[in-house]
Amino acid sequence: ILDYAFDNCSSLKEVTLSKNLKEFYQPAFTDCGNIEKITIEGHEKYKSVNNGLIDTTNNELVWACKTTVIPDYVTRIGSRFSIPELSEVLDYDTVI
């Protein structure tokens, strides 16, 4: 999925990614603030957990939507997130 492929697609509510996905670039869904569900099944590298996309090689949260609950085992948050995207996901009072 290329950067900005679905840019500003506000009607997009759910994203299902293929198990054949090679790489994921979060900017593919820039300004798609109404996404509520992210799923991927049977992928070697990525898995969807609590409506977030996790890179299983390093437990990095690579994508989140407004309903994502970040699992305790996540050790990194992707560098391509912007503050508005994370503000819907993180409770800044509990982030260390």
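Let me begin with a term: pLDDT is the predictor's confidence in each residue, on a scale from 0 to 100. The term matters here, as the structure before you is a predicted model.

On that scale, pLDDT stays under 50 over residues 92-96. For that stretch, the model has four contacts beyond four places in sequence. The protein as a whole has a mean pLDDT of 80, and 80% of its residues reach 70 or more. Among the elements, which has the lowest confidence, and which the highest? The lowest is helix H1, residues 83-87, with a mean of 51. The highest is strand E3, residues 46-49, with a mean of 94.

I turn now to the overall arrangement. The protein comprises six strands and one helix. Read from the N terminus, the order is β-β-β-β-β-β-α. Of the 96 residues, 38% count as buried. The exposed surface comes to about 6,000 Å², and carbon and sulfur atoms supply 48% of that area. As for contacts between residues at least 6 apart in sequence, 30% of them join residues at least 24 apart.

Next, the interior. The largest nonpolar core has 16 residues. Which of them have the most contacts inside this core? They are Phe24, Phe29, Ile35, Leu53 and Trp63. Three strands, namely E1 (14-17), E2 (37-40) and E5 (60-64), each supply at least two residues of the core. Apart from this core lies another, of five residues, including Ile54, Leu61, Ala64 and Val74.

Leu53 deserves a closer look. Setting aside neighbours within four places in sequence, Leu53 is in contact with Leu17, Phe24 and Ile40, among others. Its list of partners also includes Tyr46, Lys47 and Ser48, as well as Glu60, Leu61, Val62 and Trp63.

Let us follow one of those partners, Ile40, which lies in strand E2. Is Ile40 buried or exposed? Ile40 counts as buried because its relative accessibility is 6%, and the cut-off for buried is under 20%. Not counting residues up to four places away in sequence, Ile40 touches Leu17, Ser18 and Leu21 on the earlier part of the chain, and Tyr46, Lys47, Ser48 and Leu53 on the later part. One distance may help in finding the place on the display: the C-alpha atoms of Ile40 and Gly52 are separated by 9.8 Å, with the two residues twelve apart along the chain.

To close, I return to confidence: strand E3 has the highest mean, at 94, and helix H1 the lowest, at 51.

Key: Residues numbered from 1 in each chain as written. Predicted model: local features only at pLDDT ≥ 70, side-chain atom pairs only at ≥ 80, totals over all residues. Heavy atoms only, no water. Helix = DSSP H or I, 4+ residues; strand = E, 2+ residues; numbered from the N terminus. Contact = heavy atoms within 4.5 Å. Core = buried A, V, L, I, M, F, W, Y, C linked by side-chain atoms within 4.5 Å. Buried < 20%, exposed > 50% of the residue type's maximum accessible area, 1.4 Å probe, protein only. Areas by Shrake-Rupley, 256 points an atom, 1.4 Å probe, with all protein chains shown as cover.
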